Amino acid sequence: MLDFELRNFRRLREEGLAAFRAGRRREARLTLLRASEALFRIASKSDEPFRSERSRGARELLGLARSISGEAPAEGVGGEGARFVPAERPAVTFASVAGLDEVKEEIRLRMVYPFLHPEAAARYGVRTGGGLLLYGPPGTGKTLLARATAGEIDAAFYTVRPSDVLSKWVGEAEKNVAALFAEARARPRSVVFIDEAEALAPVRTGDAGSVMSRVVPQFLAELEGVAGRGTNALLFIGATNAPWNLDPAILRPGRFDELVYVPLPDAEARAGILALELAGKPLVPEADLEALAAALDGYSGADLRLVVEKAVGESFLSEVRGGAPRRIGVEDLLAAAREVAPSVAPEALKRYEEWAGAA
Ligand SMILES: Nc1ncnc2c1ncn2[C@@H]1O[C@H](COP(=O)(O)OP(=O)(O)O)[C@@H](O)[C@H]1O
Ligand SMILES: [Mg+2]
């Protein structure tokens with residue numbers, strides 16, 4: 001009986017969100033209202049913990065439905081419907097990310113193991129999903145890791161760019177945020193990723209724009225409810241190169257459960273990155289990437305990618321000019337590295353490390 005009602009509810013919610021994406025606002029509003037009613041009814045017949053979880057979901061849907069007015073949006077705010085980000089299915093997995101083993105394990109703890117071992121997870125009271133804030137110097141793989149997380153656990157991936165929220169979504173930001181989270185929660189697994197998080201939740205200056213002052217608290221509220229015990233899991237990942245510019249409110253416990261420092265790669269990770277970037281390229285078979293990696297202290301992952309790109313380009317040119325096939329050797333890579341200065345200056349690095357120590 002409840003099964004039938006749940007199926008009916010899910011259908012209504014899907015239809016309502018689809019109508020919202022397509023810009024059919026009246027239909028979206030009505031269908032989401034019906035979805036919310038259906039979920040309230042189901043909640044009233046459910047036992048804990050499902051009862052509270054479902055009531056909460058129903059209240060969210062109700063809020064979303066109410067926020068959708070019947071009229072078409074005003075000119076100039078992108079009247080073509082689908083304004084919130086569509087889900088992606090990134091093809092990269094953890095195998096494409098060198099190092100960062102502790103972060104990967106933390107992510108598995110929240111998003112993989114509870115589903116592989118549901119009985120143990122219940123006994124230990126392990127909660128799924130939650131919020132992770134990745135911070136550290138630029139080019140260290142934060143964006144890559146977020147995408148790879150979704151690929152690793154076959155989750156729907158939503159990227160929220162603060163610049164979109166603050167400009168493209170003008171006047172629609174709250175509705176789009178609500179719709180985004182409603183859709184993400186409806187999937188078995190999802191990752192909502194906010195890149196450049198400091199732009200969305202900057203230290204409040206008092207004269208913050210009105211969109212910002214309305215949207216930031218909404219994100220904070222969505223964050224509070226991310227961890228759960230249900231069968232669906234949502235992981236919220238924020239990334240920032242400038243953690244000191246973040247509104248301290250976003251760092252309070254219960255929002256991001258974990259602040260994770262993503263440092264410059266160590267020698268082992270550098271060797272891993274070089275190997276990943278060189279995969280499939282004509283490389284001298286005996287090239288000692290570990291020795292090379294040891295010599296490139298201070299290079300970020302993005303710097304190393306640049307080094308490889310340069311060496312590949314040079315080697316290709318020299319083959320084309322010389323007319324004979326050749327292979328990339330450690331010498332070529334070292335020559336390229338001499339032209340690529342590490343992008344993270346020592347003073348900058350010190351600032352990250354100090355912030356990490358204090359956080
Ligand atoms: N740990 C890593 N493993 C593999 N590649 C990396 C790593 N860190 C950086 N890279 C390379 O550098 C590029 C830029 O990294 P990115 O994820 O955009 O850094 P961030 O978001 O921290 O600024 C990646 O697309 C990848 O090619
Ligand atoms: Mg990035």
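# Briefing: a parallel sheet, its helices and a ligand shell

The protein's secondary structure comes to 17 helices and 5 strands. This is a predicted model, so please read every value below as computed from it. Of the 359 residues of the protein, 39% count as buried. Long-range contacts feature strongly here: among contacts between residues at least 6 apart in sequence, 81% join residues at least 24 apart.

**The sheet**

- Five strands form an open sheet in the order β2-β3-β4-β1-β5, and their pairing is parallel.
- At the edges sit β2 (156-160) and β5 (258-261), each of which pairs on one side only.
- On average, neighbouring strands of this sheet are turned by 20 degrees against each other, direction ignored.
- Helix α4 (residues 101-111) packs on the sheet, where α4 touches β1, β3 (189-194), β4 (233-240) and β5. The direction of α4 makes about 155 degrees with that of β4.
- As general background, strands of a sheet pair through backbone hydrogen bonds, either parallel or antiparallel.

**Strand pairs, one by one**

- β3 and β4 pair in the parallel sense over 6 bridges; here R189 stands opposite A233 in β4.
- β1 and β4 also pair in the parallel sense, over 6 bridges. In this pair, L132 stands opposite I237 in β4.
- Strand β1 (residues 130-135) pairs with β5 in the parallel sense over 4 bridges, and the bridge partner of Y135 in β5 is Y261.

**Strand β4 up close**

- How many of the residues of β4 are buried? The count is 8 of its 8 residues, so to speak a mostly covered strand.
- A233, L235, I237 and A239 point one way from β4, while L234, F236, G238 and T240 point the other way. Residues on both sides are buried.
- Two of the residues in the first set have partners already met above: A233 is opposite R189, and I237 is opposite L132.

**Helix α9**

- Helix α9 covers residues 173-186, and at 1.5 Å a residue its 14 residues should span 20 Å. The end C-alpha atoms are 20 Å apart, which agrees with that expectation.
- α9 is mostly covered, with 12 of its 14 residues buried.
- Among the buried residues of α9 are A173, V177, L180 and F181, together with K175, E183 and R185.

**A271 in helix α13**

- A271 has its place in helix α13.
- Why does A271 count as buried? Because A271 has 22 C-beta neighbours inside 10 Å, and the cut-off for a buried residue is 20 or more.
- Not counting residues up to four places away in sequence, A271 touches L289, E290 and A293.
- A271 and A98 are 173 residues apart along the chain, yet their C-alpha atoms are separated by 8.4 Å.

**The shell around ligand 1**

- Ligand 1 is surrounded by 19 residues, and the closest are G141, K142, T143, L144 and G301.
- Which helices each supply at least two residues of this shell? They are α7 (142-152), α13 (267-278) and α15 (301-322).
- By class, the shell has 11 nonpolar, 6 polar and 2 charged residues.
- Helix α13 thus appears twice in this briefing, as a supplier of shell residues and as the helix that holds A271.

Methods: Residues numbered from 1 in each chain as written. Chains lettered and ligands numbered in written order. Predicted model: local features only at pLDDT ≥ 70, side-chain atom pairs only at ≥ 80, totals over all residues. Expected span 1.5 Å × (residues − 1). Pairing = 2+ DSSP bridges. Axes fitted to C-alpha atoms, helices over the stretch in contact; angles between N-to-C directions. Contact = placed C-beta atoms within 7 Å. Near = placed C-beta within 6 Å. Nonpolar A, V, L, I, M, F, W, Y, C, P; charged D, E, K, R; others polar.
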